[in-house]
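Visitor: I am new to this structure and would be grateful for a close look at a single part. Please take me through one strand and its surroundings, and then, for contrast of topic, through one pair of helices.

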Amino acid sequence: MTKELLEIKNLKTYFFTDEGTVRAVDGVDLELNKGETLGIVGESGSGKSMMSLSIMGLIPNPPGKIVDGQINFKDKNLCKISKSEYRRIRGNEISMIFQEPMTSLNPVFTIGKQIMEVYKHHQGLSKAEAKEKTIEMLKLVGISMPERRIHEYPNQLSGGMRQRVMIAMALACNPELLIADEPTTALDVTIQAQILKLMDDLKHKLNTSIILITHNLGVVAQTADKIIVMYAGKVMEYSDTKSIFKNPKHPYTEGLLDSIPKIDKPVDRLSAIPGTVPSSNDFPTGCSFYPRCKYAMEICKEKGPDLIKLEDDVQVRCWKYIEEKTFVSKDHHSEKV
Amino acid sequence: MEKTILEVKNAKKYFPMKKGLLFNSSENVKAVDDISFTIQEGETFGIVGESGCGKSTTGRMILRLIEPTEGEIIYKGENILDLPKDKMQKLRREMQIIFQDPYSSLDPRFTIGKTIGEVLDIHKIAKGKEKRERIIQLLEAVGLGAQHFNRYPHEFSGGQRQRIGIARALALNPSLLICDEPVSALDVSVQAQIVNLMQDLQKEFQLTYLFISHDLSVVHHICDRIAVMYIGKIVETADKKTLFEKPAHPYTRALLSAIPVTDPEVATTNEVLEGDIPSPANPPTGCRFHTRCKFATEICRKVEPELKDIGDGQLVACHLYE
Amino acid sequence: MLRFIINRIFQVIPVLLGITILVFSMLHLIPGDPARTMVGIEASAEQIEQAREELGLNRPLHEQFFSFVGNAIKGDLGESIRTSLPVTEEILNRLPITINIAIGATIFATFFGMLFGIIAAINHNKFGDGLTMVISLLSVSTPSYFLGLLLMLVFSLHLGWLPTIGISTPIHYILPIVTLGAQAMGLIARMTRSGMLDVLRQDYIRTARAKGLPERVVIYIHAFKNALIPVVTVVGLRFGGLLAGTVLVESVFAVPGIGRFMVEAVLIRDYPVVQGTVLVVAVSFVLINLLVDIIYGLLDPRVRYT
Amino acid sequence: MDQQVIKRFLKRKVSVFGGLIIIMFILTAIFGPLVAPYDPLQQNLANSYKGISSDHLLGTDNLGRDTLSRLIYGARISLGISLASIGLALIIGVSLGVTAGYYGGRVDNLIMRFVDILLAFPGILLAIAIVAILGNGLVNTMIAVAIFSVPDFARIVRSSVISLKETEFIEACRAAGASDIRIITKHIIPNSLSPLIVQATLMLGTAILIASGLSFLGLGVQPPNPEWGAMLSQGRELLRSSPLVAIAPGAAITFVVLSFSLVGDGLRDALDPKLKN
């Protein structure tokens with residue numbers, strides 16, 4: 001029996017700017033069990049990064065604000081806890097690594113100091129103890145000669161090395177949840193493979209749950225247990241990894257998979273999704289994917305569909321299935337059309 | 001009958017290191033270090049490699065946006081490095097480039113019409129009404145239209161800007177198009193549109209492409225022949241089928257196995273390459289890949305391997321094949 | 001690091017040479033005959049010839065230049081035409097006062113400037129921000145020669161708390177220091193504020209927060225050291241500016257420093273003194289900048305290891 | 001796009017206020033002789049040391065000259081020097097900066113070393129040195145202030161040219177065979193205009209500070225011309241008897257300089273919204 005670690009209900013994170021309200025995250029639900037890896041896939045403006053910052057409680061305010069919903073982490077609603085309580089969780093029980101290893105480390109402190117700090121603040125370790133643990137951690141993420149490396153500054157390290165340092169820092173206190181926001185996007189292919197392998201190894205070693213956020217379906221195919229596909233601030237499809245790649249339900253997921261060239265299944269012509277990704281302050285009314293959808297119906301334009309459960313682990317937000325389902329059974333999620 | 005359109009012979013580009021006044025080192029960053037390849041008319045020739053391999057420098061050398069330190073660039077039988085200014089100017093109509101970043105590749109202060117029109121002005125190709133018609137024709141060719149003529153770049157999405165960049169490159173009716181990571185900065189769902197557009201245009205205008213990318217899947221989809229580069233050197237050249245089915249160089253193999261496969265049921269070989277990419281400012285001796293190669297022997301550390309034909313037009317620079 | 005320092009020192013040499021050339025050629029750039037300009041229109045041909053002799057204008061140009069440089073390195077800047085005393089001696093007599101004022105102003109400006117800047121950044125868009133920024137904007141815009149007069153009017157003439165002019169006691173230093181430092185204070189406050197705000201937006205600050213560090217550690221340790229780097233540059237550059245700014249302040253408060261000495265020399269066309277004072281101020285400025293660069297290198301590992 | 005800049009600028013109330021003050025001063029400078037109640041140079045010893053009265057709104061000085069009238073005429077001189085010298089400095093600075101930045105290498109080294117040498121004379125020192133060579137007076141003050149301002153412009157333009165030169169749209173132009181002149185005039189200069197406009201605005205204020213400073217020291221515009229710095233210098237002697245003679249021009253300088261910085265800051269935010277704090 002797996003235990004639920006994180007449950008997000010109807011999360012809404014909005015940004016209030018001069019140009020209007022940006023619904024970066026617009027009613028997202030998700031669940032994550034202990035030891036699981038959840039992949040969140042989306043393109044620019046899908047709200048996937050804002051999702052992760054919402055969980056971390058790091059939404060820049062103003063202009064951003066969580067306007068509705070719950071983030072339940074181990075029976076605690078993170079939206080309700082005090083600032084100091086949140087600080088004790090961040091970097092300790094939930095950690096995060098970012099896309100840009102080049103800018104995510106403080107340039108004026110040695111990497112040793114930056115990792116030791118975590119031990120000092122969360123575990124109250126002395127300098128010597130923290131140093132010892134830091135060296136251990138750096139060894140764990142595959143950095144050679146850690147005794148020497150702790151005295152180096154971030155600009156002396158390559159991008160891949162910096163991302164390893166970020167991982168060491170994030171995993172220092174053995175958190176239960178690691179959020180990785182596009183951790184390999186800025187890296188070269190061979191380095192990306194190293195980092196993905198490292199994260200997978202460490203996950204099994206430390207039994208950490210991971211939320212892996214990416215725009216690259218290939219990155220999650222091998223590592224994630226479940227996948228969420230986001231588009232325009234909403235979850236379009238939520239499914240286990242196997243079925244999403246084998247049998248994508250949502251037209252967007254289907255289009256996304258079809259538009260990637262595959263070496264093992266060459267085609268003469270890619271089937272592209274027409275149109276452009278909507279900009280985040282101008283989402284279409286109705287279903288946000290409707291203008292680019294090849295199955296678009298009249299209803300899609302007027303009204304956004306709800307997320308409905310198709311099978312045990314498969315949920316989808318599309319009128320196509322709601323219509324089918326309403327004939328089959330009266331699911332409480334769906335509405336009669 | 002295949003006809004060679006471009007031949008790059010022993011091209012090198014050394015950038016002088018940033019120097020201090022006192023320690024005036026004579027060291028160079030060998031961005032591109034003695035590479036040769038040929039491109040046939042009508043084909044799509046791919047250059048793949050990771051950061052610092054010199055693929056973008058190569059593309060820019062061919063257009064003389066960066067002057068090569070040494071070597072020859074022979075376009076249709078003529079070494080363009082010897083050309084006087086006026087002849088080079090004429091030749092520029094034949095070769096154009098499209099860039100990676102759709103945001104910095106268009107002047108934010110120029111309307112789309114003006115951006116494309118400028119190219120026509122420089123070569124005095126068309127004027128007035130004729131010019132406008134030609135621009136609209138180009139916009140339509142890339143899937144845009146007359147309604148976009150007076151708009152500014154910031155009003156467009158990344159994919160649309162890339163279309164504009166392509167229209168600008170096509171304005172001079174070139175034969176050879178250097179495509180420097182043209183889809184890397186785009187959203188996945190838009191990448192496919194641009195790739196399709198490029199394939200359509202290739203047929204329509206009989207274009208030859210030099211396609212520079214780090215993304216092997218895209219290269220596999222669009223290219224006929226491919227060169228793999230690693231820190232300033234070509235390590236392998238082959239046609240697509242050969243390269244992907246029987247890659248010879250250990251680096252090529254590692255690169256192929258590092259591609260994330262979009263199928264959870266395919267077991268990955270998990271052949272993960274160790275170590276970092278060395279800096280081109282201080283490349284390893286001998287074979288530049290030896291620091292990361294599991295087959296490396298004594299000779300690899302000392303002697304630089306030459307590109308050799310191992311059959312089927314597959315060229316490999318590796319001591320394993322000697 | 002040593003390599004970085006040596007490199008910086010060698011970069012300064014051409015600048016010092018340039019300054020020397022410029023200062024040397026001042027005499028030769030004067031329209032007409034410098035000797036005549038100096039002694040006045042009514043001077044006799046003999047007097048002009050004598051002045052020419054004293055200035056060494058009869059010798060070939062390169063010879064003049066080398067002897068100028070040679071003497072300058074030896075510390076000989078010629079003789080004042082008015083007093084016939086060695087310029088070096090005259091400068092050394094006045095320099096301590098000027099340096100005291102400039103250092104005092106730097107300390108005043110740095111302390112209050114950074115204080116105001118941090119207050120403003122932390123209270124971004126709140127009352128504290130507004131108030132400190134109004135003060136710094138005003139102090140940046142008010143010319144020192146006006147501020148000095150205002151302060152004198154209020155604190156000396158009206159309230160009678162502080163002496164008006166001269167520099168005989170330490171209390172005399174208060175007004176000149178505040179007057180001189182005000183503008184730099186405003187600039188440093190604005191720099192510190194925008195530097196802090198800029199740093200607070202960086203990715204590594206987000207990382208620091210994601211680590212669960214307390215906000216004071218995030219701001220006073222992670223952000224502050226980064227924000228300090230540009231501020232150090234400004235403080236360094238400002239110190240040179242303050243050295244030059246003493247020219248105005250010394251005139252306002254009738255302080256017998258090097259600045260006033262220079263102005264008087266310009267007014268009576270005592271060229272050796274003008275050259276000497278300009279050279280001393282410019283060279284000190286360059287050397288201070290060198291020092292600042294080295295400190296910058298110590299603070300910022302990115303500069304050191306490139 | 002430019003409408004948006006104006007819209008953003010108008011949102012910043014203090015900058016708009018600064019702009020209004022500058023417009024007021026400019027109008028005063030242009031129409032000064034029409035509004036000034038007295039001749040600024042006319043002495044009237046019987047009327048000396050007067051305080052504020054309906055006849056003399058800002059009183060009179062030791063020679064009985066009307067302070068308000070002198071202030072109004074002074075606006076002409078101060079703003080005139082400021083505009084002329086910054087205009088001159090812009091032409092020289094931009095040419096130097098563009099040349100250095102675009103061609104790089106030895107040309108760049110030569111120009112920037114020269115600029116470095118000029119910058120080695122901090123603050124007002126350079127202006128004093130120039131006046132020491134050229135002599136005092138209105139035109140020489142202008143030249144001194146112009147040369148003083150050149151290095152700032154040269155450096156700003158150079159750095160924006162260097163960053164622009166690397167952009168892909170400039171490469172695209174070169175690939176299309178565009179000439180250097182075309183690239184510089186059509187692409188590089190228009191795109192480096194924003195920081196330049198901001199800097200020029202701020203420097204207009206600084207120019208007034210420096211020019212008046214020179215005059216205050218007796219090295220710039222000479223009395224009896226009603227230049228603000230020269231008036232301050234004269235007011236310094238009269239601080240006990242008629243403080244208004246010093247306060248009026250001092251306040252005027254402060255206000256104008258303040259307004260230029262407000263406008264400059266506003267323009268910076270309006271032209272580059274990303275930099276806004």
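Guide: What follows describes a strand in chain B and then a helix pair in chain D, in a model that is predicted.

The strand is β3 of chain B, which covers residues 44–48. Of its 5 residues, 5 are buried, so the strand is largely enclosed by the rest of the structure. The residues point two ways: B:Thr44, B:Gly46 and B:Val48 are turned one way from β3(B), while B:Phe45 and B:Ile47 are turned the other way, and all are buried.

β3(B) also has strand partners. One of them is β8 of chain B (residues 208–213), which pairs with β3(B) in the parallel sense over 5 bridges. Here B:Val48 stands opposite B:Ser213. Another is β9 of chain B (residues 225–230), again paired with β3(B) in the parallel sense, over 4 bridges. In that pairing, B:Gly46 stands opposite B:Ile226.

The helix pair consists of α4 (residues 105–119) and α6 (residues 138–165) of chain D, which pack at an angle of about 140° with their axes 9 Å apart. The two helices are therefore oblique to each other, and α4(D) passes α6(D) in a left-handed crossing. On the α4(D) side, the contact is made by D:Asp108, D:Met112, D:Val115, D:Asp116, D:Leu118 and D:Leu119. On the α6(D) side, the contact residues are D:Ile147, D:Pro151, D:Ala154, D:Arg155 and D:Arg158. By character, the residues of this contact comprise 7 nonpolar, no polar and 4 charged.

Methods
Residues numbered from 1 in each chain as written. Chains lettered and ligands numbered in written order. Predicted model: local features only at pLDDT ≥ 70, side-chain atom pairs only at ≥ 80, totals over all residues. Heavy atoms only, no water. Axes fitted to C-alpha atoms, helices over the stretch in contact; angles between N-to-C directions. Parallel < 35°, antiparallel > 145°, perpendicular 65-115°, else oblique. Left-handed = near helix turned anticlockwise from the far one by under 90°. Contact = heavy atoms within 4.5 Å. Nonpolar A, V, L, I, M, F, W, Y, C, P; charged D, E, K, R; others polar. Buried < 20%, exposed > 50% of the residue type's maximum accessible area, 1.4 Å probe, protein only. Pairing = 2+ DSSP bridges.
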